[in-house]
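Visitor: I'd like a close look at one part of this protein. Could you pick a helix and walk me through how it sits among its surroundings?

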Amino acid sequence: CYSATASVPWECFESDATENLVGCPWMPTPEGGYYTGTCSFGDPIAEDTTGDDISWGYQSGFHQRWTQYRLQTAVVAVPAGEAKTFSIKGHSVTIKYPKQYEGTVGLLIADPCIAADNYCIYTRPYGIKSALQRVINGLAAKEMDYWMNVGDLWYDQIGTRTSGFFAGLDLNAMTKIHGVTMGNHDYWVGGHSDVKSILDSYGNGQMQWYAQDAVSASVNEKKPFDFTVGAGSMKEAASGNFFWYNMVGNVAFIAFSNAYSWGEQSAHFAEACSWVGTTEAPLVVLLGHWNSADMGCPAGEDTPDVYAQIKQFPGCDNLGSKLKYVMGHDHCNQITEANTGFKLGAFGMSGCAQFGIPILDTRNGRARLLYFPLGE
């Protein structure tokens, strides 16, 4: 679980400003355990783990970017369908996730813009930040099992918007499974490699904050990231940091970043599809940010094209209508391919002027993507 130790009081935590959990991307591993992490403000070197009943496999200040934060991660066993409580920084954190093949409820969003400017023109009229915080907290209190953010994660170059959003989530919401993919603005805040800056994150800050159970961690959980491509080179962090796959209840997910060539990721897709073939998942969802090959996405690497390509791999070749894809990038909420492709990117940025809540509900033996419009 991500936690934060604030060196100064936060307005959003007046009653408990010195130590608060502020983000918690608990990620189920393909083997059925849980991948957890802790991110802290304050001293990026020293961290007090007194009272924690988790043996942290990795502890370090952030590298390359967002170095004001600290990360601790571990893989822990949580029996499916059973609640298990951990002590983290003096907080009792209870985790529960669905049994395999059990129906689930999940929130799917992309391109959430929470700071109003000349581009995020619908952020203030719709109150995107507070609305999403209330939705996530409210759903978590009722029936939400997970939520996915499919790129352009708060349009954040230096980490402050990210920490500010998670500070508005309550503890129960932070214990829910949270998965992300990278978008163009997560690498280059200007949105394209043509306008990149030495200050850009190149995915480094995001990959450490969200600490997904990515293929970069598959060899050694005590070394969950691949830092071989330094941010100082003004190049994107290694692709393995952003490729992951897992299963939540009866939904299998494959998540990737469109910023890399097919040659860099084809082996990962083959591995993920092979795993999918062993799960007999009733539904498989491909998560990728870009809906078209532009703004840093190579030709043939946009999400619809990748969807078409992975159907050649064993494990994905016989899924038929069970394989879907979700993307953002274009700021609209639309069905792009009947019963197959969905664009969910209207969360404050200029575009279709929409705002709504997409919910994937796979309970009672059927899969439905429900959309609750809040603004048009």
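**A close look at helix α8**

Guide: Let's take helix α8, residues 303–310, whose buried residues are T303, V306, Y307 and I310. Those four cover an arc of only 105 degrees around the axis, which puts them on the same side of α8. There's a simple rule behind that kind of pattern: an α-helix has 3.6 residues a turn, so residues three or four places apart point the same way. Bear in mind that this is a predicted model.

What do the buried residues of α8 pack against? One partner is another helix, α7 (262–279), and the others are the strands β14 (283–287), β15 (323–327) and β16 (333–337).

Now zoom in on T303, which lies in α8. T303 counts as buried because its relative accessibility is 0%, and the cut-off for buried is under 20%. Its side chain has a polar atom 3.0 Å from the backbone oxygen of G288. Leaving out residues up to four places away in sequence, T303 touches F256, N258, L286, G288, H289, W290, Y325, V326 and M327. So G288 turns up twice, as the polar partner and in the list of residues that T303 touches; the cut-off for contact is heavy atoms within 4.5 Å.

For a second helix to set beside α8, try α2, residues 128–142. Helix α2 has 15 residues and reaches 21 Å from its first C-alpha to its last, close to the 21 Å expected at 1.5 Å a residue. Its buried residues are I128, A131, L132, Q133, V135, I136, N137, L139 and A140. They pack against β9 (105–109), α1 (123–126), β10 (146–150), α3 (160–166), α4 (171–174) and β18 (355–361).

L132 of α2 also shows up in the largest nonpolar core, which has 46 residues: along with L107, W147, W154 and F165, L132 touches the most other members. Elements giving two or more residues to this core are β9, α2, α3, α4, α6 (204–210) and β18, with α2 giving the most, seven residues. Apart from this core lies another, of 28 residues, among them W56, I88, A110 and L344.

Stepping back to the whole protein, the secondary structure comes to eight helices and 19 strands. Buried residues make up 58% of the 376 residues. Among contacts between residues at least 6 apart in sequence, 65% join residues at least 24 apart.

Notes
Residues are numbered from 1 along each chain as its sequence is written. This is a predicted model: local features need pLDDT of at least 70, side-chain atom pairs count only at pLDDT 80 or more; totals for chains, interfaces and linings use all residues. Side-chain values use heavy atoms; hydrogens and water are left out. The expected span of a helix is 1.5 Å times one less than its number of residues. Buried means under 20% relative accessible area, exposed over 50%, partly exposed in between (1.4 Å probe, protein chains only). A nonpolar core is a set of buried Ala, Val, Leu, Ile, Met, Phe, Trp, Tyr and Cys residues joined through side-chain atoms within 4.5 Å. The arc is that of the directions from the helix axis to the C-beta atoms. A polar contact is a pair of N or O atoms within 3.5 Å; within protein, one must be able to donate a hydrogen and the other to accept it, and residues adjacent in sequence count only if both atoms are side-chain atoms.
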